[in-house]
Amino acid sequence: MEKIKKYQKAILKVLNEYAAIRSPFMPDVENKVIADTQQHYYQLIRMGWYKGKPVHYAVFHFDIIQQKVCIQINRTDVKIEDELVDAGIALKDIAWGMQLPTVSKVG
């Protein structure tokens with residue numbers, strides 16, 4: 001359980017750092033961190049309006065499954081696994097979700 005708490009803290013650190021970055025091109029779009037620490041789901045979403053159209057999508061989505069961090073979504077060009085490692089998550093405990101299990105392992 002201690003490992004999960006450590007990984008929760010690391011994930012939330014990374015998500016909150018990205019949430020603080022606002023796009024100068026989309027001033028009416030907010031970044032929001034959504035965290036379910038009981039079920040171990042964590043997301044950074046963008047939500048608001050851009051050029052008269054609604055915006056609502058996940059930038060990042062991480063789950064903790066069997067004491068591993070699963071990257072479900074990364075809609076950036078950032079190698080987010082490197083930032084998760086820098087935040088204290090072991091590379092061997094990071095995997096990509098939404099892929100076949102045989103190709104999903106990062107570390």
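Here are four short exercises on this structure, each with a worked solution.

The model is predicted: local features need pLDDT of at least 70, side-chain atom pairs count only at pLDDT 80 or more, and totals for chains, interfaces and linings use all residues. Residues are numbered from 1 along each chain as its sequence is written, and side-chain values use heavy atoms, with hydrogens and water left out.

**Exercise 1. The core**

Find the largest nonpolar core and the elements that give two or more residues to it.

Solution. Start with the term: a nonpolar core is a set of buried Ala, Val, Leu, Ile, Met, Phe, Trp, Tyr and Cys residues joined through side-chain atoms within 4.5 Å. Buried means under 20% relative accessible area, exposed over 50%, and partly exposed in between (1.4 Å probe, protein chains only). The largest such core has 20 residues, and Ile 11, Phe 60, Phe 62, Val 69, Leu 84 and Ile 89 have the most contacts inside it.

Next, go to the elements, which are DSSP runs numbered from the N terminus (helices: H or I, at least four residues; strands: E, at least two). Two or more residues come from each of helix H1 (2-19), strand E2 (41-50), strand E3 (53-65), strand E4 (68-74) and helix H2 (80-86). H1 gives the most, with eight residues.

Finally, look around Ile 89. Not counting residues up to four places away in sequence, Ile 89 touches Tyr 7, Ala 10, Ile 11, Val 69, Leu 84 and Ile 94; contact here means heavy atoms within 4.5 Å.

**Exercise 2. The sheet**

Work out the strand order of the open sheet and name its edge strands.

Solution. Two strands pair if DSSP finds at least two bridges between them. Five strands line up as E1-E2-E3-E4-E5, with mixed pairing. Strand E1 (29-36) and strand E5 (94-96) are the edges, since each pairs on one side only.

Now zoom in on E5. E4 and E5 run parallel and are joined by three bridges. Across this pairing, Ile 71 stands opposite Trp 96 in E5. Trp 96 is partly exposed, with a relative accessible area of 23%.

**Exercise 3. The aromatic rings**

Classify each aromatic pair that a search of the whole structure finds.

Solution. Rings of Phe, Tyr and Trp (its six-membered ring) pair if their centres lie within 6.5 Å; planes under 30 degrees apart count as stacked, over 60 as edge-to-face and the rest as tilted. The search gives two pairs. For Tyr 18 and Phe 60, the ring centres are 5.1 Å apart and the planes stand at 65°, so this pair is edge-to-face. Tyr 18 lies in helix H1 and Phe 60 in strand E3, so the pair ties together parts that are 42 residues apart in sequence.

For Phe 60 and Phe 62, the centres are 5.9 Å apart and the planes at 15°, so the pair is stacked. Tyr 18, Phe 60 and Phe 62 therefore belong to one aromatic cluster. As for burial, Tyr 18 has a relative accessible area of 17% and Phe 60 one of 0%.

**Exercise 4. A polar side chain**

Is Gln 8 buried or exposed, and which side chain does a polar contact join to that of Gln 8?

Solution. Gln 8 lies in helix H1. With a relative accessible area of 12%, Gln 8 is buried. A polar contact of 3.2 Å links its side chain to that of His 40. (Such a contact is a pair of N or O atoms within 3.5 Å; within protein, one must be able to donate a hydrogen and the other to accept it, and residues adjacent in sequence count only if both atoms are side-chain atoms.) Leaving aside neighbours within four places in sequence, Gln 8 is in contact with Thr 37, His 40, Tyr 42 and Ile 64.
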